[in-house]
Amino acid sequence: QIVYLKPPWTLADLLKCYKKHWVAVFDYLVPRNLFSTIECLHKHLCTGKPVDASAVSILLQESKKLLHAFSSRSDYNGVLPQAYAEVNKLYQTLTEDLSEDIMVLSENAVCEKMEATTPNLQNSEEKKLPPSFHVAQENRHQEIWSVLEGVWNTINLYSIEIFQKLDPSTVTVTAKSSFEEAFLGLQKLLAAVNDIRDGISR
């Protein structure tokens, strides 16, 4: 009845309402530290700044965290589980794409290692390389770091979800499918991490 912005809402409106009414309303419904999630979503989605793949991964994880927190209160006539499923589907798609990128980056790393075995030739050729080459190399390193960070964030999120489900005080009727989904996702990620480790070893 008393709200900062009246409906119908855009996503930006909703996030503003969250921020405005957090202390008076939402702080009593969900964990207090989720306010940082609201700020993160608002910063990346409502300021018009471009968003890269690693940022999208983080935003999807934060969105899942927020939806999961509200699921302990209600399923909101089935809307919340549907929203969670859609966000999770997007996240799975992104994770699969990142896994493919990891394989490509691993192959590139092997090539770099082979090139490094001929230091004299490399040093003589390095003097001829344009500055743009070094910038490209630095960008590739940032991409590799971004992919590894995305995998780590995903594993961390799934682990948190699994341990929350194992806590009897938080188990609900709808917990089973979510737990199985998180567990299967974690298994896939562990396999991906093993592939990364093998690639780095090679």
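Which helix supplies the largest share of the lining of the second largest pocket? Keep that in mind while you get your bearings; the pocket comes up midway.

**Before you click**

This is a predicted model, so local features need pLDDT of at least 70 and side-chain atom pairs count only at pLDDT 80 or more, while totals for chains, interfaces and linings use all residues. Residues are numbered from 1 along each chain as its sequence is written, and side-chain values use heavy atoms, with hydrogens and water left out.

**Stop 1: the whole chain**

Show the chain as a cartoon. You'll find seven helices and zero strands, running α-α-α-α-α-α-α from the N terminus on. Helices here are DSSP runs of H or I with at least four residues, strands are runs of E with at least two, and both are numbered from the N terminus. Of the 202 residues, 28% count as buried. Buried means under 20% relative accessible area, exposed means over 50%, and partly exposed is in between, using a 1.4 Å probe and protein chains only. Residues 24 or more positions apart account for 57% of the contacts with a separation of 6 or more; a contact means heavy atoms within 4.5 Å.

**Stop 2: the start of the chain**

Select P7 and P8. The peptide bond from P7 to P8 is cis, with omega near 5°, and P8 is in the segment before α1. For context, most peptide bonds are trans.

**Stop 3: the second largest pocket**

Now select L14, L15, Y18, F26 and F70. The pocket they belong to holds about 580 Å³ of space, and out of the 19 residues that line it, these five are the closest to its centre. A pocket is worked out on a 1 Å grid over the protein atoms alone: it is an open set of points where a 1.4 Å probe fits, with protein on both sides within 12 Å along at least five of seven lines, and lining residues have an atom within 4 Å of a point. Grid points are joined across faces, edges and corners, and the volume is the space filled by probe spheres set on the points.

Back to the opening question: α1 gives the largest share of the lining, six residues. Helices α1, α2, α3 and α4 each supply at least two. By class, the lining has 17 nonpolar, two polar and no charged residues. Nonpolar covers Ala, Val, Leu, Ile, Met, Phe, Trp, Tyr, Cys and Pro; charged covers Asp, Glu, Lys and Arg; the others, Gly among them, are polar.

**Stop 4: the aromatics**

Keep Y18, F26 and F70 on screen and add W22 and F35: these five form one aromatic cluster. A search of the whole structure finds six aromatic pairs. Rings of Phe, Tyr and Trp (its six-membered ring) pair if their centres lie within 6.5 Å; planes under 30 degrees apart are stacked, over 60 edge-to-face, and the rest tilted. How do W22 and F26 sit, stacked or tilted? Their ring centres are 6.0 Å apart and their planes are at 35°, so the pair is tilted. Both W22 and F26 are buried.

**Stop 5: helix α2 and the cysteines**

Select residues 35–45, which make up α2; T37, I38, C40, L41 and H42 are buried there. The buried residues of α2 pack against α1 (11–21) and α3 (53–71). C40 has a relative accessible area of 17%, whereas C46, at 27%, counts as partly exposed. Looking for disulfides, meaning pairs of cysteine sulfur atoms within 2.5 Å? The count comes to zero.

**Stop 6: S63**

From L41, move across to S63 in helix α3. S63 is buried, at 19% relative accessible area. Leaving aside neighbours within four places in sequence, S63 is in contact with L41 and V87.

**Stop 7: the loop between α3 and α4**

Select Y76 and N77. Y76 is in this loop, and so is N77. Y76 has a positive phi of about 50°, and N77 has one of about 55°. Most residues other than glycine have a negative phi. Which of the two is exposed? N77 is, with a relative accessible area of 80%, while Y76 is partly exposed at 31%.

**Stop 8: L98**

Finish in helix α4 (residues 79–116), where L98 lies. L98 is buried, with a relative accessible area of 14%. Add V147: the two are 49 residues apart in sequence and 6.4 Å apart in space, C-alpha to C-alpha.

How values were computed
A disulfide is a pair of cysteine sulfur atoms within 2.5 Å.
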